[in-house]
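Here is a structure to read together, through questions that are each followed by a reasoned answer. Please keep the sequence and the 3D view open while you work through them.

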Amino acid sequence: YPLCALAVSALDLGCHSVKKRCSKYLFIYHGQSHNHQRRTQSMGTKTGLVAAEAEVVLLYGQLPPIEKMDPTLQTLKKCKHLSLSTNSIEKIGNITGCDSLEILSLGRNQIKKIENLEQVADTLRQLWISYNNIEKLVGIERLKKLQILYMSNNKVDKWNEFERLKELPELEDLLFIGNPLEVSYRDQTVPNPNKDPSLPPTAKANLDFKRWRLEVIRRLPSLKRLDGEPIEEAEREAARSLGEVSAS
């Protein structure tokens with residue numbers, strides 16, 4: 001199915017609180033191609049909004065689901081946040097022309113590769129791509145400006161793939177839980193040598209370290225947040241104590 005752009009006003013949504021923001025938001029619905037021109041013209045007249053001017057474009061959870069990122073997306077010149085999550089997309093593409101894109105949301109699709117993102121590498125700050133079928137991270141190294149990567153519940157199972165993230169100098173926040181690599185470490189801990197006997201055994205300062213977190217931290221020492229939790233200085237010290245990373 002092709003994408004069909006349809007701007008929805010606050011009144012259409014029954015949500016008057018977003019009325020003042022409608023000049024920057026575009027909610028896009030999925031429809032047959034023969035309705036595209038009529039729908040776009042009628043709603044564009046009603047809201048005064050066109051796709052090329054929208055800063056946030058939401059195409060998540062469409063019925064029927066979107067199966068392809070088609071050239072319609074290339075018209076989103078001012079879009080900063082594009083959401084295509086919860087559809088049936090198998091391949092990333094057709095985002096040439098999205099010159100302002102900072103956040104790309106592609107969670108809960110059928111994507112197998114990180115590809116065709118070099119067109120937005122200079123602007124992309126956040127990639128949300130959890131719940132897909134990604135095994136390898138080839139291509140991620142092109143996203144030098146990426147700060148946030150959410151890619152939980154994919155299929156990465158090897159450290160040599162994970163370590164491609166070392167090529168992202170600005171990466172601060174990583175969500176990786178649910179990948180086979182993380183699952184394989186889930187029950188492993190590293191003893192905490194600095195337990196405080198004056199505190200209860202269940203106090204955070206007395207808990208053993210999660211091996212997974214330490215293995216990630218020593219590979220990505222600039223990371224500030226992992227799997228939804230901030231990285232503590234004690235974890236950084238424990239990660240350093242593990243020594244050099246062995247060959248994957």
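Q: How many aromatic pairs does a search of the whole structure find?
A: The model here is a predicted one, and the pairs are therefore looked for among predicted ring positions, where two rings pair if their centres lie within 6.5 Å. A search of the whole structure with this rule gives a count of eight aromatic pairs.

Q: Is the pair of Trp128 and Tyr150 stacked, edge-to-face or tilted?
A: A pair of aromatic rings is described by the distance of the centres and the angle of the planes. For Trp128 and Tyr150 the centres are 6.1 Å apart and the planes meet at 35°. Planes under 30 degrees apart would count as stacked and planes over 60 as edge-to-face, so the pair of Trp128 and Tyr150 is tilted.

Q: How many residues apart in sequence are the parts that the pair of Trp128 and Tyr150 ties together?
A: Trp128 belongs to strand E7 (residues 126-128), while Tyr150 belongs to strand E8 (residues 148-150). Trp128 is partly exposed, with a relative accessible area of 26%, and Tyr150 is also partly exposed, at 26% relative accessibility. Because the two rings lie in these two strands, the parts that they tie together are separated in sequence by 22 residues.

Q: What kind of aromatic pair do Phe162 and Trp212 form?
A: The ring centres of Phe162 and Trp212 are 6.0 Å apart, and the angle between their planes is 75°. Phe162 is in helix H3 (residues 159-162) and Trp212 is in helix H5, 50 residues apart, and the pair thus links distant parts of the chain. Both residues are buried. An angle over 60 degrees is what the rule asks for, and the pair of Phe162 and Trp212 is edge-to-face.

Q: Which residues form one aromatic cluster together with Phe162 and Trp212?
A: Phe162 and Trp212 pair with each other, and they also belong to one aromatic cluster. The other members of this cluster are Trp159, Phe176 and Tyr185.

Q: Over the ring of which residue does the charged end of Arg219 sit?
A: Arg219 is one of the buried residues of H5. The charged end of Arg219 is 3.7 Å from the centre of the ring that it sits over, and that ring belongs to Trp159.

Q: Why is helix H5 largely enclosed by the rest of the structure?
A: Helix H5 covers residues 211-219, which makes nine residues to consider. Among the buried ones are Trp212, Leu214, Val216 and Ile217, and the charged residues Arg213, Glu215 and Arg218 are buried as well. The helix is largely enclosed because the number of its residues that are buried is eight of the nine.

Q: Is Glu235 buried or exposed?
A: Glu235 is found in helix H6 (residues 233-241). Leaving aside its neighbours within four places in sequence, Glu235 is in contact with Phe209, Arg213, Leu214, Ile217 and Pro230. Its relative accessibility is 10%, and since buried means under 20%, Glu235 counts as buried.

Q: Why are Cys79 and Cys98 not joined by a disulfide, and how many disulfides does the count come to?
A: A disulfide needs two cysteine sulfur atoms within 2.5 Å. The sulfur of Cys98 is 6.3 Å from the closest cysteine sulfur, that of Cys79, and this is too far for a bond. Cys79 is buried, with a relative accessible area of 1%, and Cys98 is buried too, at 2% relative accessibility. By this rule the count of disulfides comes to zero.

Q: Which residues does Gln74 touch, not counting those up to four places away in sequence?
A: Gln74 lies in the loop between strand E4 (56-58) and strand E5 (81-83), and at 27% relative accessibility it counts as partly exposed. The C-alpha atoms of Gln74 and Asp99, which are 25 residues apart along the chain, are separated by 9.1 Å. The residues that Gln74 touches are Asn94, Thr96 and Gly97.

Q: What is the average pLDDT of the chain?
A: Where pLDDT is low, the predicted coordinates should not be read in detail. Here pLDDT stays under 50 over residues 1-23, and under 50 over residues 29-48 as well. At least 70 is the score of 79% of the residues, and the chain averages a pLDDT of 83.

Technical notes: Residues numbered from 1 in each chain as written. Predicted model: local features only at pLDDT ≥ 70, side-chain atom pairs only at ≥ 80, totals over all residues. Heavy atoms only, no water. Buried < 20%, exposed > 50% of the residue type's maximum accessible area, 1.4 Å probe, protein only. pLDDT = per-residue confidence, 0-100. Contact = heavy atoms within 4.5 Å. Helix = DSSP H or I, 4+ residues; strand = E, 2+ residues; numbered from the N terminus. Lys NZ or Arg CZ within 6 Å of the ring centre and 35° of its normal.
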